[in-house]
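Thanks for asking me to look through this one with you. My notes are below as numbered points, best read with the structure open beside them.

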Amino acid sequence: MKKAAFFAVAAVSALALSGCTDSDAPAGGTDSDSKSSADLTPVTVGVIPIADTAALYVGDAEGLFEDEGLDLTIETATGGAAIVPAVVSGDYQFGFSNTLSLMVAADQGLDIQMVSSAVSTTGDTEKDMGAVITKPDSGISSPADLAGKTVSSNSVGNINDTAVRTVVDEAGADSSTIDFVEVPFPDAVAAVENDQVDAAFVVEPFVTTAIEAGLEVVTYAYADFDTNLDIAAYFSMSDVDPDLLEKFQTAMTKSLEFADANPDTVREIMATYTKTDPETLAKITLPKYPTEMDRPSIEKLAAQAESYGVLSAEPDFDSLLP
């Protein structure tokens, strides 16, 4: 019953987000050695078009998925509310979502598994890729000041809420008084500027966009929560074809390694799918693209989420993690 109820809610969210642009990743090389499409296995991956997913785009452009015999299609949405049901229904073979939302999905009965790391915090509490931003005159100058305020995130009840609540509680304030509301990342800066929300959780390139617009950072909440925090992962259903899974995991590992070692290429590829100007892209703080997930940080995240009532129980990490 939990699975059916979750899917029904998620399906409604997916319909609400159906206006999001679908996009194929930038094409890789077209030399004579490239495999023909007839030799490749089609695979569709749902992602959010932010810095976090750059490794996937880079891997496709570099031909790393084609090297593994995969014909990759990338579909975009504003959050996991649309991506999770698309994977569950079989429209996508793989998807990208934050680690807590995936734990929540499993907690609600969905037979999913994380299959690859995706992105983690830099661990720098002075300049990270995810931050809570606000207006200079908002009266919010520290995490404790967020208590009693309205804070936006791209999705309510995900990793951002729990990270922010933890940081606020650790500052000695009452995080239960925060009103979290849903605002897509691209709209968050305007929402703060227009006083629709008191503060907003954003990730790059929107952290830099916010700072360029004169907004201020209250907390780099991911890094403040845990300097090794795994923010998101790629996932599939547990019964995904084993051969397809192996090929995807191999291609993702190569893509993550390449992205982490080639920041300039990451910035260039982001210009093709985030509509961010080159000047801003040159200034953004890129995340880490690890090839392995940090289990202690995920266990800490789960424990905090359980204490806040987001999870009903500790996840079965042995079956959920890669």
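1. Helix α7, residues 185–193, is a good place to begin: α7 lies across β5, β6 and β8. Its direction makes about 150° with that of β8. Please keep in mind throughout that this is a predicted model.

2. The strands under α7 belong to an open sheet of five strands, and its order is β7-β6-β8-β5-β9 with mixed pairing. At the edges stand β7 (179–182) and β9 (216–219); each has a single partner strand, so one side of each has no neighbour in the sheet. On average, neighbouring strands here are turned by 35° against each other, direction ignored.

3. Within this sheet, β5 (residues 130–134) and β8 (residues 199–203) are an antiparallel pair, joined over five bridges. If you want a landmark for that pairing, look for Gly 130, whose bridge partner in β8 is Val 203. As background, strands of a sheet pair through backbone hydrogen bonds, in either the parallel or the antiparallel sense.

4. Helix α6 (residues 159–170) also packs on this sheet, where it touches β5, β6 (150–153), β7, β8 and β9. Relative to β7, the direction of α6 is at about 155°.

5. What else does α6 pack against, with axes 10 Å apart? The partner is helix α13 (residues 295–307), and the angle between the two is about 85°. The two helices are therefore roughly perpendicular to each other. From α6 come Ile 159, Thr 162 and Thr 166, and they meet Leu 301, Gln 304 and Ala 305 of α13. Sorted by class, this contact has three nonpolar and three polar residues, and no charged ones.

6. Two residues of that contact turn up again around Thr 99, which sits in helix α5 (residues 99–107). Is Thr 99 buried or exposed? With a relative accessibility of 0%, Thr 99 counts as buried, because the cut-off for that class is under 20%. Leaving aside residues up to four places away in sequence, Thr 99 touches Ile 159 and Leu 301, and also Met 114, Asp 230, Ile 231, Ala 232, Ala 233 and Met 293.

7. There is another open sheet of five strands to look at, with the order β2-β1-β3-β10-β4 and mixed pairing. Its edge strands are β2 and β4 (112–120), each of which pairs on one side only. From one strand to the next, the twist averages 25°.

8. Inside that sheet, β1 and β3 (residues 94–98) pair in the parallel sense, over two bridges. Here the landmark is Val 45, with Phe 94 as its bridge partner in β3. Helix α4 (residues 80–89) lies across β1, β3 and β10, and runs at about 25° to β10.

9. Helix α2 (residues 54–61) deserves a look for how well it is covered: seven of its eight residues are buried. These are Ala 54, Ala 55, Leu 56, Tyr 57, Val 58, Gly 59 and Asp 60. Which elements cover them? The cover includes the strands β1 (41–47), β2 (70–76) and β10 (230–237), together with the helices α3 (64–67), α10 and α11. Just after α2, Gly 63 adopts a positive phi of about 80°.

10. Two of the covering helices also pack on each other: α10 (residues 242–261) and α11 (residues 263–270) have axes 5 Å apart and an angle of about 100° between them. That angle makes α10 roughly perpendicular to α11. On the α10 side, the contact is made by Phe 258, Ala 259, Asp 260 and Ala 261, and on the α11 side by Pro 263, Thr 265 and Val 266. By class, five of these residues are nonpolar, one is polar and one is charged.

11. Finally, some totals for the protein chain. It has 14 helices and ten strands, and 52% of its 322 residues count as buried. Among contacts between residues at least 6 apart in sequence, 82% join residues at least 24 apart. The accessible surface comes to about 13,200 Å², and carbon and sulfur atoms account for 47% of that surface.

Methods
Residues numbered from 1 in each chain as written. Predicted model: local features only at pLDDT ≥ 70, side-chain atom pairs only at ≥ 80, totals over all residues. Heavy atoms only, no water. Helix = DSSP H or I, 4+ residues; strand = E, 2+ residues; numbered from the N terminus. Buried < 20%, exposed > 50% of the residue type's maximum accessible area, 1.4 Å probe, protein only. Contact = heavy atoms within 4.5 Å. Areas by Shrake-Rupley, 256 points an atom, 1.4 Å probe, with all protein chains shown as cover. Axes fitted to C-alpha atoms, helices over the stretch in contact; angles between N-to-C directions. Parallel < 35°, antiparallel > 145°, perpendicular 65-115°, else oblique. Nonpolar A, V, L, I, M, F, W, Y, C, P; charged D, E, K, R; others polar. Pairing = 2+ DSSP bridges.
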